[in-house]
Each structure stands twice: as C-alpha cells, then as structure tokens.
Protein chains: 2
Amino acid sequence: MAATAGLDTPLAVVDEVVLNANLDRMAEFASAAGFALRPHGKTHKSPELAARQISRGAIGLTVATVGEAEIFAAAGVSDLFIAYPLWLTEGKARRLRAIMEHADVLLAVDSTAGAARLAHHLPHARVVVEVDSGQHRTGVHPQRAGDIGHSAAAAGLQVLGIFTFPGHSYFPGRPAAVGVQEANALAMAAQSLRAVGIDPVIRSGGSTPSVAHADPTVLTEIRPGVYPFNDAQQVELGVCSLPDVALTVVTTVVHLDGNKAVLDAGSKAVGADHPAWTTGGGRLPEFGDARVTSLSEHHATVDFTDSAERPRLGDRVRLAPNHVCTAVNLTDELVIVDHHGTLTRWPVTARGANA
Amino acid sequence: MAATAGLDTPLAVVDEVVLNANLDRMAEFASAAGFALRPHGKTHKSPELAARQISRGAIGLTVATVGEAEIFAAAGVSDLFIAYPLWLTEGKARRLRAIMEHADVLLAVDSTAGAARLAHHLPHARVVVEVDSGQHRTGVHPQRAGDIGHSAAAAGLQVLGIFTFPGHSYFPGRPAAVGVQEANALAMAAQSLRAVGIDPVIRSGGSTPSVAHADPTVLTEIRPGVYPFNDAQQVELGVCSLPDVALTVVTTVVHLDGNKAVLDAGSKAVGADHPAWTTGGGRLPEFGDARVTSLSEHHATVDFTDSAERPRLGDRVRLAPNHVCTAVNLTDELVIVDHHGTLTRWPVTARGANA
C-alpha cells in the first residue's frame, strides 16, 4: 500500500505476488487433475491477465458477452467460449462473424428456438448445450440436453458437448455438495446427448468455490473466474484466506466516530453485492474483525467494535470487495504493484462490454 | 423501445418526454417552495443533463468527488458543491485549485482535523458543515455544528452554513418523518452555528424521497439526485409511478421456463443494489406484477407468476434499475429517445470518477 501513497483514493490495486500465486495454484490444480482450464475473463476483463492465464496453460478464455469476446479476440486470444445462451440478432451475428475470423468461438444453446436462430445466422457454428445443475438460472434439465443437442445438430450446428455453471456454490458449506450435483448433472446430460448419437467431447463446469470439488471422471474442463484476485465472498466461503485476496481498493478514512469509521469507497468503487450470507459489504485485510455494515455510493461504513486495532482519521485502509467481478467492472484501470513496489497500470479493456 | 430495435441489448435508454417532465416538476416544486435547487450530478454524470437542470433554474450542481467536479467544471458548470467530507491530500488539493480557476466550489467539513487540513491546503475555501440528521453515516451531531464551524473559521475557512443528507428516507413509509428530522437537525445546527457567531446562510438538505417533505422555513436549498430518471426504488417508496421512470435498460429474454424468464441484463448493467425492503432487483414497467427475483452479472431472473401478460423468448423487455445512480455509472453512454423516436447519445462523462 505504501507504493500507492501518492495516488488519490479510492484506487483498485493488485498485489502481483499474490496474483501470481493464485494463478499458479489454479493452473497446477487443473493440470494435476487433468482438467482443461478455461478461466472466465469477465472477472478481470484484462488482456494482460488473460495472457498470464494462457501462458500458464489455460486453453483459452470464457466470456459472457459478444463485447468481451471482441476485446479478447482483438488482444490475440484465439480460443473463446461465450458461456451464455445468446439470442442472436443480425447485429450480434455480424459481430460474431468478425470475431470468428480471428478466433475459434464456442457458443451456447439452451433452447430449440435459440439454436435455430443461431444456425440461421451462423451455420455450422460450434456449440455446447447449457445444463442446469441446480442454480435454476439458464440451462435445461440434464435429461433435456439430448433434445436440445439433437435439434441444434439438425439445424446444422456442431454440437460438442455440455456445460453448466454451478452458481449455487455461493453459499457457506455448500461447495462440496454442489461439486457432486455438477458432476451428476453433467453425467446425466452426457448420457442424454449420447442417446441421440452425439459425443459430448466437452463437459465443462466449475465455479471458483466449487472447482476443488469438480469430478475429473465426468468433467473435461473447468471455468473458474474469481480465483486470480479472490474477494471477500471467497474468504467467507472458506475458499481462501484474506492474505490470498490480490485485489483490494485502497481507501481513506474520512470520518471516525467511536467504533465507526467511514471509508471513501462505496458501491461505485467496490460494487453493491451484499448477499445475506456475507458478514458485510466487504472485508478489511488489515482488520479481520472489522465489518462493513453498509455501503452507499461513496461511503463504506465500518464497525470496529470487535477489532483490537483501528485506523485513525486520514489513514489509508484496504477494502476487499465482496465480489471482485463487479468491482473490476467499475474502474478503467488496475494498478499492479510488484514485489519491488513498482507500479504498472493494466487497462480494464472489457469494462462495460455488456452487449 | 421500437426506436432502439436495431441496437444490441442490454442498452440504457432514456425517454426524453418523461425526463423533461421530471426535470420540470422538480424545478417548479423548488421554485414554488422557495428552495434553491442544486441537483446531485452523481446520478447522471452527464454535462448535457446538468445543462438542462441549470437552464430550468438550478443554481449549480452537487457532486460527490473531486473527479466529478473536474468534469462538470470543464463542461462549464460554474457553481459546484462537493457534498463529501474530503480528507485532502496534496494531490486532491492541486486538482481542486485547478477547478477553482473556473468554478465556485463549496466544500464540506465534519471534523476539526479535516477542516484544519482543508485550510492548510486551500486557505479561505468556502465550506459548509455536514450534519447527521439520522442516517448515521458522515456528519456531526447537529449540536456540534458550532464546534466544527468555529474551528473551521478559526483555521481561515469561510463557513457558509450546514448541510445534511437524509439518506434514511430510503425506507417505505419513512420519507415524511425524515423530512421532519432533517428540518429539526438543520434548525438545531443553525442555532449551534449562530451561537458561535456564524450566520448559516446555506441550510441544505433533501433526497429525492424526502424532498417533498423538506421544510422551507428551515432549508434554503435542496439537493435531490435521482429525480430526472427515477428508478424502481422510488416507485416502491411511492415517490413516483412506473411511467415516471425515464431511464430503463432494454434487455432481451434469453431463457423462458414456465413462469420464469431470464433477461440479458444483470448487475453489470443495472447494479446490484437490492435492499431488503425492495420487492426485487428492479421492476419491469410493462409487467407491473412481475418481480426480478435475482440478479447475477448478466442475468436478471424474473418471476411472472402474478403477471397476466408475459413475454416470449427473444422479446425485448425494459428493466427499471433499483438504483439509477449506480446503473448509469455502468455505461459509457445513454441513448436518449425523443418524442419522434429519434435517438441521441449522451456520454456519461463522469462515469467512474470516484477519486
């Protein structure tokens, strides 16, 4: 934090030593378990970070939107999976065709109508079928994977397999059980595809909380997103510890009153994500017992009642966002601090690329 | 919405007819009640919108950060109030001096140490004392306004009065009572300043929910922010109706399953704000009985169980964010649709200007 003393707060800062350790750990895990690693780029939106993931063995990148795919393809990422059941318009199809001139693009389907539309705009596109493994967001019941796959193939698409996002792993105590659900759902979906004559070569899953519980006898590929940076949610899920959080927002204490301090970073700097199961609106790595009791746009109110140490007015304090994916999306650049304290700036190139 | 049919979703769109009506209504209210109107620019971050507010009689703009002040000053706004107890560094002081060459800047203090620091960097700066009227975020107890004002004046600052943000008005049934608390707090703080020989010329308050209950016998100035656009929170607080919401995010239905639909706009397009008192993660103006049951980064899951009408897969559906201030901060531009259906784009120039 001393390295950033001359910069105005709030400021999103990445500790490169922690970042590299996080990248190494996941790459080694995937390699040892035999998973292809296709990290989700929505977390970092940064070509520099994508390059580090690929140099450590990632087979390509996962993204959520056509806009993210455009930016990573332009940055030279040659293998992209848009893990989202896009409803293709001519506008998005035109943009996808341009991306496909530079990169292999894998797309997602979870309805017969969506697959038909995709085939209409992008004949012979490569797709996987999205399966619901318990989050109940998008994706079909695993037993319906064959129906969707069959109709996609009949429409001319190349159906390569199945994927799921086990997002219900975001609850304390749940990741291990969700790993089992994920494997069961993908196994059932694989069987459903085989029953209609399609070989599910790709069987993709994995969120950062559940990835340690992914089943290598079923899954071929994992798509964790948050792991390079980690965040307060991962700490509170037991996935990592506070020292493993690489990205924090450096803030200034602007108000102090008894056990209460107010920091100059709020929901516009760290995001408003605040699930009921979290203990607050983020965590302070240097003050593990303090809690962010509320976040407004430019204020984080922190309760230091249970904290032996407390900051003074004007002190700089690091705040770990609850959800780093939305925090990164709020800033144009990340300040990277290396082990010498030297600063580099990485643009968040895909920030705001929602469409 | 037909006017934006050729644009990719998600897309933040403003209905100019509704926008102008909202601007007119607040300008007329302030004028009739005798309040100076100093709208909060954090909501729109747009010089075009600031110009419309000023052309309707606003005396200047409120902002939350030095960065916002820089951008509005560069756009020609000549009267700016940074309603935030900044802890001044030499970096921020240098930026403020540059702004002060082009605009009158009013600053905020809520501690003796903060005032001393401010006076050290910016001698003779114009300030108001922040008072806590019940939100318990920043600001001092009203009875301490005189202490802070006295020390600020002794340090050389020009103390012009007091302000409060009655943010606890954001709760159903509370705005009227909060209006009374605001007036009581400002009256007490005004008395406290007078007791140390300072005339509280500025007595500033007002949030969008509570502004209708602001007391013109106490307040001289109101600072509503959300009113040009409105949002789902204002609807659920009873401050406006769904047709008064000028800014919505146009989305596409990407998944449909029984009573559940999933839209392609999530927390990265509309913000993750979801207080416990809201009925969901936003509202759908065309489907008043539908509820957004969850938001992830690129998915809004909507329950249509209680809705007589429901959309089809691929339909475009408008989503009113819960909190428009954080939604606007997620996009680089707003698409303005006029009464002919003609589109204009306004840059969100101060997006991300947190520091």
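**Exercise 1. Determine how chain B is related to chain A in this predicted model.**

*Solution.* Begin with the superposition: chain B is brought onto chain A by a rotation of 180° with 0.0 Å of shift along its axis, at an RMSD of 0.0 Å. The two copies are therefore related as by a two-fold rotation axis. Next, locate the axis with respect to the chain. Among the residues of chain B, A272(B) comes closest to the rotation axis, its C-alpha lying at 2.6 Å. Finally, compare the surfaces used. Of the interface residues of chain B, 100% are also interface residues in chain A, so the copies meet through the same surface.

**Exercise 2. Describe the extent of the interface between chain B and chain A, and state which three residues of chain B supply the most buried area.**

*Solution.* First, take the contacts: 52 residues of chain B touch 52 residues of chain A. Second, take the area. About 4200 Å² is buried between the two chains, and carbon and sulfur atoms give 52% of this. Third, consider single residues. Y84(B), R137(B) and K268(B) supply 16% of the area that chain B buries against chain A, more than any other three residues.

**Exercise 3. Characterise the polar pairing across the interface, and identify the elements and residue classes on the side of chain B that touches chain A.**

*Solution.* Start with the charged pairs. Eight salt bridges are found across the interface of chain B and chain A. One of them joins D332(A) to R351(B), with the closest N and O atoms 2.9 Å apart; the cut-off for such a pair is 4 Å. Then widen the view to polar contacts, of which there are 26 residue pairs between the chains, with both residues at pLDDT 80 or more.

Now assign the touching side of chain B to its elements. At least two residues each come from α4 (90-100), β10 (247-257), β11 (260-263), α9 (267-270) and α10 (324-328) of chain B. The greatest contribution is that of β10(B), with four residues. By class, this side of chain B comprises 16 nonpolar, 21 polar and 15 charged residues.

**Exercise 4. Explain what the salt bridge between E70(A) and R95(A) ties together.**

*Solution.* The general principle comes first: side chains of opposite charge can pair when their charged atoms come close. Over all chains, the structure holds 37 salt bridges. In the pair considered here, the side chains of E70(A) and R95(A) meet at 2.9 Å, N to O. E70(A) belongs to helix α3 (residues 66-74) of chain A and R95(A) to helix α4 (residues 90-100) of chain A, so the salt bridge ties together parts that are 25 residues apart in sequence.

**Exercise 5. Locate the cis peptide bonds at P10(A) and P10(B), and the positive phi value at H124(A).**

*Solution.* In chain A, the peptide bond from T9(A) to P10(A) is cis, with omega near 0°. P10(A) is found in the segment before β1 (11-15) of chain A. In chain B, a cis peptide bond joins T9(B) and P10(B), omega being about 0°, and P10(B) lies in the segment before β1 (11-15) of chain B. Turning to phi, H124(A) has a positive value near 70° although this residue is not glycine. H124(A) is placed in the loop between α5 (112-121) and β6 (126-130) of chain A.

**Exercise 6. State which residues of chain A the annotated domain covers, and give its secondary-structure content.**

*Solution.* The unreviewed UniProt entry carries the annotation "domain: D-serine dehydratase-like" for residues 246-338 of chain A. Over residues 246-338, the chain is 10% helix and 38% strand. The end C-alpha atoms of this stretch are 11 Å apart.

Technical notes:
Residues numbered from 1 in each chain as written. Chains lettered and ligands numbered in written order. Heavy atoms only, no water. Contact = heavy atoms within 4.5 Å. Buried area = accessible area lost by both parts, 1.4 Å probe. Polar contact = N/O pair within 3.5 Å; in protein donor to acceptor, adjacent residues only side chain to side chain. Nonpolar A, V, L, I, M, F, W, Y, C, P; charged D, E, K, R; others polar. Least-squares fit on C-alpha atoms with pLDDT ≥ 70 in both. UniProt positions renumbered as here; feature names shortened; annotations may be inferred.
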